[in-house]
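Thank you all for making time this morning. I would like to walk through one structure with you, and I will put the sequence and the model up before I say anything about them.

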Amino acid sequence: AINPQTINEKFLQAQPYSFFLTKVSGISDKYNNTYAMDIKDLLSPSMGNLVASCQFNFMFDIGWLMKQYPSQFRTKPLLIVHGEQGASKNALQGQAIPYNNIKFCQAKLEIMYGTHHTKMMLLLYDNGLRIVIHTSNLIQQDWHQKTQGMWISPIFPKLSDISKDKGDSVTNFKRDLLEYIQAYKAHQLKEWIDLIMKHDMSSAKVVVVGSVPGRHVDRSKSLWGHMKLRKVLYEHGPSQETVKTWPMIGQFSSIGSMGPNKENWLCSEWKQSLGTTKSSSMVSSNNRLMLIFPSRHNVRLSLEGYPAGGSIPYTAKTAQKQLFLNDFFHLWKSEGRGRTRAMPHIKSYCRTIQDGSKAAWFIVTSANLSKAAWGALEKKGAQLMIRSYEIGVMFLPKFFEEGEVFPITSDPGIASTTNKLLLPYDLPPTLYDKKDRPWMWDIPYMDLPDTNGNVWCPF
Ligand SMILES: CC(C)c1cccc2c(O)c(C(=O)O)cnc12
């Protein structure tokens, strides 16, 4: 169906990638009726008869979240996995006082500046278990007028009790998901770990790419962050031959401090990981790295206006320390998806041929462009230091029987009649003009009004 009418038709149309954007209010329905889901769709009875759920996230509006569940599911057990401490932990728990079905699990954050960014739903139904890995906070504004991404798993059926099968897929999705959740070492997660173990995830076609805080050494160094990406590309990536001239693209909604020049981290270890190919991790430094990040005018002219920048927390202080990034910045443009004015909160990474017709791989993740999220090598590369919890999924052609590369498009009409992977933004990316500047959320913009006629005074 070109224009699916039901949630199930929408879900089926987006297979086998099952990569969706969130619904955006204020744009033509045609951009929301396909390859897009609202949170109410995800929690709808059409997706399954909910028995219990677990919500991993960073920001929560519990009252709003409960209203997104259909009324008959609002009393089902709900575990909230968060990273709050002290007073903000008490405030979060205070939000849930009216709901006796809600329990909490506090993810430990023992390294400074770490955050619990991971956004994931575990949805237990009477006939199986569904996993959603996404980029939206559980607050109304994150599902209103932003570009957000999600991967929705099929319903994984229960393993038959006598089954000796581990129920994993060729991408080791189940092993990696379990390893990620076990890394929390939280007793509140034990029942969900046991549930995951009891389900057959052999149909999962994506690879988990997660980050867990710590100083990871030896075998653990390649379990997380950009070193996991490097390992996956070394084992399952494109051949050096195929992609040697192909640029790498990073797209994100915040940026960390990465040293005074590109050789400190961005174009050394991080770019080396993105540039890894099958059985070769020689860094082809002449490959272009393109960074898609909203400019000041992208934000000003967005559906939300300057307030969209409240979710794009790049500070002038950090920007000032890394002006080399200005050569890499490209505008947020999503005409194909009708979302040029829906500011990105999605984070995605890929490697594509210059004309944007093919991709060697694609990742949707909670991870912004930061050492905290992807990790930084220390002790002469012997350890990978990660500050935050993150999770994303990687799409590799070989696991979708697509040969070595994906045909890609950013036009839903083309995607619905072909088997192309539908990207969230237009390709090739558009370089900033000379006078364009990246959005910074902590400086005033008084010279030009935004969509709503307002200026921005962040003091
Ligand atoms: C500076 C921090 C607190 C911040 C501000 C605004 C939006 C943020 C956000 O959306 C995330 C996230 O989604 O993980 C994480 N930190 C965010």
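In which helix does Leu-92 lie? Leu-92 lies in helix α4, which covers residues 86–95; helices here are DSSP runs of H or I with at least four residues, strands are runs of E with at least two, and both are numbered from the N terminus.

Before going further, I should say that this is a predicted model, in which local features need pLDDT of at least 70 and side-chain atom pairs count only at pLDDT 80 or more, while totals for chains, interfaces and linings use all residues. Residues are numbered from 1 along each chain as its sequence is written, and side-chain values use heavy atoms, with hydrogens and water left out.

Coming back to α4, Leu-92 has a relative accessible area of 4% and is therefore buried, where buried means under 20% relative accessible area, exposed means over 50%, and partly exposed is in between, with a 1.4 Å probe and protein chains only. Its C-alpha atom is separated by 9.3 Å from that of Met-59, and these two residues are 33 apart along the chain.

Met-59 takes us to the ligand, because a residue counts as near a molecule if one of its heavy atoms lies within 4 Å of it. The residues around the ligand are Phe-58, Met-59, His-117, Lys-119, Asn-137, Gly-310, Ser-311, Pro-313, His-345 and Trp-441. That shell divides into four nonpolar residues, five polar and one charged, on a scheme in which Ala, Val, Leu, Ile, Met, Phe, Trp, Tyr, Cys and Pro are nonpolar, Asp, Glu, Lys and Arg are charged, and the others, Gly among them, are polar.

Which side chains have a polar atom placed by a ligand oxygen? Here I use a polar contact as a pair of N or O atoms within 3.5 Å; within protein, one must be able to donate a hydrogen and the other to accept it, and residues adjacent in sequence count only if both atoms are side-chain atoms. An N or O atom in the side chain of His-345 is 2.7 Å from an oxygen atom of the ligand, a polar side-chain atom of Asn-137 lies 2.8 Å from a ligand oxygen, and for His-117 the corresponding distance is 3.4 Å. Of the 390 Å² of accessible area that the ligand has on its own, the protein covers 75%, with areas taken from the Shrake-Rupley method with a 1.4 Å probe, and, for residues, only the protein chains shown counting as cover.

Moving away from the ligand, let me turn to helix α5, residues 173–182, where seven of the ten residues are buried, so the helix is largely enclosed by the rest of the structure. Those buried residues are Phe-173, Lys-174, Asp-176, Leu-177, Leu-178, Tyr-180 and Ile-181.

Some individual buried residues are also worth showing. Trp-151 sits in strand β9, residues 149–152, and is buried at a relative accessible area of 3%; although Trp-151 and Met-394 are 243 residues apart in sequence, their C-alpha atoms are 9.8 Å apart in space. Asn-298, in helix α10 (residues 296–300), counts as buried at 12% relative accessibility, and a polar atom of its side chain lies 3.0 Å from the backbone nitrogen of Trp-332.

What about the loop between α9 (266–274) and β13 (289–292)? Thr-277 lies there and, at 0% relative accessibility, counts as buried, with a polar contact of 3.2 Å joining its side chain to that of Gln-240. Ser-279 is in that loop as well, and has a positive phi of about 55° although it is not a glycine.

Asp-218, which is not a glycine either, likewise has a positive phi of about 55°. Asp-218 is found in the loop between β11 (214–217) and α7 (225–236), and is exposed, with a relative accessible area of 66%.

I will finish with the backbone at two prolines. The peptide bond from Gln-15 to Pro-16 is cis, with omega near 5°, and Pro-16 is placed in the loop between α1 (7–13) and β1 (19–22). The bond from Leu-427 to Pro-428 is cis too, with omega near -10°, and Pro-428 lies in the segment after β22 (421–422).
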